[in-house]
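Please open the model in the viewer and keep the sequence panel beside it. The stops below each give a selection and then describe what is found there.

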Amino acid sequence: MDPLSARRPPTGVSVSVGAMTPPENGAPDPRPTGATGAPVLRRTLRRLPALAGDLPELDPATLPEDPVTAFLRWFAAALEAGVPEPHAVTVATADAAGRPSSRVVVLKDVDEDGRFLFATDRRSRKARDLAVNPAVSLSFYWQPLGRQVRVVGRAVALDAAACAADFLARSPSSRAAALATRPGEPLDSVPALHAAMRDALARIEAEPGTVPAEWVVYAVVPEEVEVWQGSGSRAHQRVVYRRADGGWCRRLEWP
Ligand SMILES: Cc1cc2nc3c(=O)[nH]c(=O)nc-3n(C[C@H](O)[C@H](O)[C@H](O)COP(=O)(O)O)c2cc1C
């Protein structure tokens, strides 16, 4: 018998992954040692730096009048600075009862109307939230620059042609994952996931024009955009743009 398989949990069982994995590379050991263990973790967290390093200064007078241009400039600066995955963005939604949830997606575009685009599956929790409550908040964090941008607005689903175009532009593995998935449903086993992916890849090869009806691109129409420049001195700078009279007004806010 495969010695590993004896340790595999039966399917459908919740698994706690690596909760007590020893630290590597001499990092402080965050594992509890006392009765509650809380002080060890607390000390470790207090020692961790935040907003360290040589961060840029923000001169608010240099910011453009519209926040989309500000975002595009900061995004270009993030690319230039080599920020890893600068297009990764946390999307927060809320269900009909106002219960929030958030997750990371990738930004697909900022279109000519200044809308922020991301793509997902209509059956996902975020899509189900947006179907009943289109209010949404996007949050970018570009750690090496100490910058975050928050975009608050309303999400609208693009039409079927735009969703199909986005889907067909994705890599085969990304399309296979989208075709194979059943978001949020219980999964019997990891091999079942791999088998579904293999089947989906074969389907894509046989029918390259396949587009799942569940694929959807959302455009977030911004109503408020905040650009935030962190500082090691903690005198962080916030500039908040809000829609007003068909344009944008902006002001500095206390951090
Ligand atoms: C870096 C990164 C990029 C991701 N990109 C996407 C994406 O573009 N679309 C998407 O639906 N999920 C993406 N995911 C997975 C989501 O975070 C999430 O697990 C999934 O969409 C289900 O979310 P939900 O159940 O809250 O709707 C990404 C995750 C990470 C970490």
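**Stop 1: A135 and its surroundings**

Select A135, a residue of strand β5. In this predicted model, A135 counts as partly exposed, because it has 15 C-beta neighbours inside 10 Å. Beyond its neighbours within four places in sequence, A135 is in contact with A94 and R154. Add D95 to the selection: it is 40 residues from A135 along the chain, and the two C-alpha atoms are separated by 9.6 Å.

**Stop 2: across to A94**

Move next to A94, whose place is in strand β1. Is A94 buried, partly exposed or exposed? A94 has 17 C-beta neighbours inside 10 Å and therefore counts as partly exposed, since burial would require 20 or more. Apart from neighbours within four places in sequence, the contacts of A94 are R99, P100, D129, N133 and A135. The last of these leads back to A135, for which A94 is likewise listed as a contact. Now display the C-alpha atoms of A94 and K126: they are separated by 8.0 Å, with the two positions 32 residues apart along the chain.

**Stop 3: the ligand shell**

K126 also serves as the way into the next selection. Show the ligand and the 16 residues around it; V105, T120, S124, R125 and K126 come nearest. Which elements supply at least two residues each to this shell? They are β2 (100-106), β4 (116-121) and α3 (125-132). Colour β2 separately, for its 5 residues are the largest share of the shell. Colouring by class instead divides the shell into 7 nonpolar, 4 polar and 5 charged residues.

**Stop 4: the largest nonpolar core**

Hide the ligand and return to the protein interior. The largest nonpolar core comprises 32 residues, and L138, V149, Y218 and V220 have the most contacts inside it. Two or more of its residues come from each of α2 (67-80), β1 (88-94), β4, β5 (135-142), β6 (147-157), α4 (160-168) and β7 (215-229). With 9 residues, β7 gives the most to this core.

Centre the view on L138. Which residues does L138 contact once its neighbours within four places in sequence are left aside? They are V89, V91, F116, V151 and V220. V220 is itself among the residues with the most contacts inside the core.

**Stop 5: R73 in helix α2**

Select R73, which lies in helix α2. R73 counts as partly exposed because 14 C-beta neighbours are found inside 10 Å. Its C-alpha atom is separated by 9.4 Å from that of L63, 10 residues away along the chain.

**Stop 6: the α5 and α6 pair**

Display helix α5 (residues 172-180) together with helix α6 (residues 190-206). Two packed helices are described by the angle between their axes and the distance between the axes. For α5 and α6 the angle is about 115 degrees, and the axes are 8 Å apart. The crossing of α5 past α6 is right-handed.

To see the contact itself, select the two sets of residues below.

- On α5: P172, R175, A176, A177, L179 and A180.
- On α6: A196, M197, D199, A200, L201, R203 and I204.

By class, this contact has 10 nonpolar residues, 3 charged residues and no polar ones.

**Stop 7: two positive phi angles**

Proceed to the loop between β7 and β8 (237-244), and select R234 there. Although R234 is not a glycine, it has a positive phi of about 75 degrees. Is R234 buried or exposed? R234 is exposed, because 9 other C-beta atoms lie within 10 Å and the limit for this class is 12 or fewer.

Continue to D245, in the loop between β8 and β9 (247-253). D245 is not a glycine either, and its phi is positive, at about 50 degrees. D245 counts as exposed because it has 6 C-beta neighbours inside 10 Å.

**Stop 8: the whole protein**

Finally, zoom out to the complete model. The protein has 6 helices and 9 strands. Of its 255 residues, 20% are buried. Among contacts with a separation of 6 or more, 61% are between residues 24 or more positions apart.

Terms used
Residues are numbered from 1 along each chain as its sequence is written. This is a predicted model: local features need pLDDT of at least 70, side-chain atom pairs count only at pLDDT 80 or more; totals for chains, interfaces and linings use all residues. A residue is near a molecule or strand if its C-beta atom, placed from the backbone, lies within 6 Å of it. Helices (H or I, at least four residues) and strands (E, at least two) are DSSP runs, numbered from the N terminus. Ala, Val, Leu, Ile, Met, Phe, Trp, Tyr, Cys and Pro count as nonpolar, Asp, Glu, Lys and Arg as charged, and the others, Gly among them, as polar. A nonpolar core is a set of buried Ala, Val, Leu, Ile, Met, Phe, Trp, Tyr and Cys residues joined through C-beta atoms within 7 Å. Two residues are in contact if their C-beta atoms, placed from the backbone, lie within 7 Å. Axes are lines fitted to C-alpha atoms, for helices over the stretch in contact, and angles run from 0 to 180 degrees between N-to-C directions. A crossing is left-handed if the near helix is turned anticlockwise from the far one by less than a right angle, and right-handed if clockwise.
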